[in-house]
Amino acid sequence: MPILLRLPAILGTASMIWVGGGILMHGLVTYGLSAPAHAAHEAAFSAASYVPFAKGSVAWPVTAMAPARSD
């Protein structure tokens, strides 16, 4: 059972980082710091250009994971 309960803990942590990162990224735009949002958009556009038959399927995960990334 502990192994089974570990999965929701990992997924919950990842989703909180994802949502929190998105909130922070959108909040930065409000304060005039739009570079992270533009970088995420450009990364998604660049990744999608390599797969023209599935642009949306490639662009969305890149855009979604960008706020969760920390440098």
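**Notebook: helix α1 and its surroundings**

I began with T13, which is partly exposed at a relative accessible area of 47%. The model I am reading is a predicted one. I placed T13 in helix α1. I then took the C-alpha distance from T13 to H26: the two are 13 residues apart in sequence and 20 Å apart in space.

Next entry, M16. I found M16 in helix α1 as well. I noted a relative accessible area of 62% for M16; the cut-off for exposed is over 50%, so M16 counts as exposed. I also looked up its separation from A68. M16 and A68 are 52 residues apart in sequence, yet their C-alpha atoms are 8.9 Å apart in space.

Then the surface. Which residues form the nonpolar patch? I listed W18, V19, I23 and W60, which together have about 460 Å² of accessible area. I checked where the patch residues come from: helix α1, residues 2–30, gives the largest share, with three residues. W60 I located in helix α3, which covers residues 55–65. I recorded a relative accessible area of 56% for W60, which makes W60 exposed. Patch members need over 30% relative accessible area, so W60 at 56% passes that part of the test.

Helix packing came next. I looked at α1 against helix α2, residues 35–49, and found that their axes come within 8 Å and cross at roughly 125°. Is α1 parallel or oblique to α2? I entered oblique, because roughly 125° is neither over 145 degrees nor within 65 to 115. For the contacts between these two helices, I wrote down M25, L28 and V29 on the α1 side. On the α2 side I wrote down P36, A37 and A40.

Last entry, S49. I placed S49 in helix α2. Is S49 buried or partly exposed? I have S49 at 45% relative accessibility, and this counts as partly exposed because the value falls between 20% and 50%. I closed with the distance from S49 to T63: the residues are 14 apart along the chain, and their C-alpha atoms are separated by 14 Å.

Key
Residues numbered from 1 in each chain as written. Predicted model: local features only at pLDDT ≥ 70, side-chain atom pairs only at ≥ 80, totals over all residues. Heavy atoms only, no water. Patch = residues over 30% accessible without salt bridge, like charges linked within 9 Å, V, L, I, M, F, W, Y side chains within 5 Å. Areas by Shrake-Rupley, 256 points an atom, 1.4 Å probe, with all protein chains shown as cover. Salt bridge = Lys/Arg side-chain N within 4 Å of Asp/Glu carboxyl O. Helix = DSSP H or I, 4+ residues; strand = E, 2+ residues; numbered from the N terminus. Buried < 20%, exposed > 50% of the residue type's maximum accessible area, 1.4 Å probe, protein only. Axes fitted to C-alpha atoms, helices over the stretch in contact; angles between N-to-C directions. Parallel < 35°, antiparallel > 145°, perpendicular 65-115°, else oblique. Contact = heavy atoms within 4.5 Å.
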